[in-house]
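Here is a short report on charged side-chain pairs and on one packing of two helices. Have the sequence and the 3D view at hand as you read.

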Amino acid sequence: MRSDVVKKGATRCAHRSLFYANGFGPEDLKKPLVGICNSFNEIVPGHIHLREIAEAAKLGVAAAGGTPLEFPAIAVCDGIAMGHTGMKYSLASRELIADSVESMAMASGFDALVLIPNCDKVVPGMLMAAARLNIPSIIVSGGPMLPGRLNGRDISVSQSFEAAGKFAAGDMTESEMAELESKACPSCGSCAGLSPQTR
C-alpha cells in the first residue's frame, strides 16, 4: 500500500505512535488510509452542510475496509468576496486548495481520497489536486442551493446582485430589495453563481 511509507517497519515507530495518539490502533493501520477532504465552513452556504456528507463518507470508507482520516480545505464564497478587496483572493484560493490537498495527501501517505467540495473555486481546486496526485479519488459534491421564490417566480442570488443596481437607479424600493434578499437563497448548497437555476 502507498500508506506503508508512514506505517510499516522499525523506522516508522514514531509515526505509529502519532497515529495511536489520534485513537487509531494496529488494526486501523493495516487498512488503506483514505483521506476525507472536507471544505466545510460556516461562511459559505454551499459548505455549511458538508459535515453530514463527510460523516457518511467516513462510515462508507470504514464499511469498505479502509481507515478514514478527515482533514479540511478552505473555501471562499465568491458572492461574499465580490465588490471589495476580497475579490483578489477568490481565484487565488483555488491554487491554495489544490496545493493543500496535495500537501496533505503526500505528507500523510494516503492510499486514496474522498473529496467533498462545493462552489466555484473549491471543486476545480480539488479536481486539480486529484489529477496531480493520480491516486484513487472520488468527488462528492454538496449539491445546489434551492431556488428562492418571489411573486410567483424563481429567484436566486443573481437577482440580489441585480437588485442593488435597481435600487441605486431608483427602480426598486428599499423594502422590495429587503424582501428579495431575504428570499433569494432559501437553503444550503452552491448558489446560482455556480449553477444557474432560475427560469
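Arg132 and Glu102 meet through their side chains in a salt bridge, 2.8 Å from N to O. This pair links distant parts of the chain. Arg132 sits in helix H6 (residues 122–133), while Glu102 sits in helix H5 (residues 87–108). The two are 30 residues apart. Arg132 is partly exposed, at a relative accessible area of 38%. Glu102 is partly exposed too, at 26%. The model behind these values is predicted.

**Other salt bridges**

How many salt bridges does the count come to? The count is nine. The table shows three of them, including the pair just described.

| Salt bridge | Closest N and O atoms |
|---|---|
| Arg132 and Glu102 | 2.8 Å |
| Glu70 and Lys58 | 2.7 Å |
| Lys30 and Glu27 | 2.9 Å |

Take Glu70 and Lys58, whose closest N and O atoms are 2.7 Å apart. Glu70 lies in strand S2 (residues 67–72) and Lys58 in helix H3 (residues 50–63), so this salt bridge ties together parts that are 12 residues apart in sequence. Is Lys58 buried or exposed? Lys58 has a relative accessible area of 19%, and buried means under 20%, so Lys58 counts as buried. Glu70 is partly exposed, with a relative accessible area of 38%.

Lys58 and Glu70 also belong to a network. Salt bridges with shared partners join them and Glu55 into one group.

Lys30 and Glu27 form another salt bridge, with 2.9 Å between the closest N and O atoms. Here Lys30 is exposed, and Glu27 is exposed as well.

**Two helices side by side**

Now turn to helix H7 (residues 157–168) and helix H8 (residues 174–183). Their axes are 10 Å apart, and the helices pack at an angle of about 175 degrees. Angles over 145 degrees count as roughly antiparallel, so H7 is roughly antiparallel to H8.

Which residues of H7 meet H8? They are Gln159, Ser160, Ala163, Ala164 and Phe167. On the H8 side, the residues in this contact are Glu174, Met177, Leu180 and Glu181. By class, the contact of H7 with H8 has five nonpolar residues, two polar ones and two charged ones. Among the nonpolar residues are Phe167 in H7 and Leu180 in H8. The charged ones are Glu174 and Glu181, both in H8.

Note on methods. Residues numbered from 1 in each chain as written. Predicted model: local features only at pLDDT ≥ 70, side-chain atom pairs only at ≥ 80, totals over all residues. Heavy atoms only, no water. Salt bridge = Lys/Arg side-chain N within 4 Å of Asp/Glu carboxyl O. Buried < 20%, exposed > 50% of the residue type's maximum accessible area, 1.4 Å probe, protein only. Helix = DSSP H or I, 4+ residues; strand = E, 2+ residues; numbered from the N terminus. Axes fitted to C-alpha atoms, helices over the stretch in contact; angles between N-to-C directions. Parallel < 35°, antiparallel > 145°, perpendicular 65-115°, else oblique. Contact = heavy atoms within 4.5 Å.
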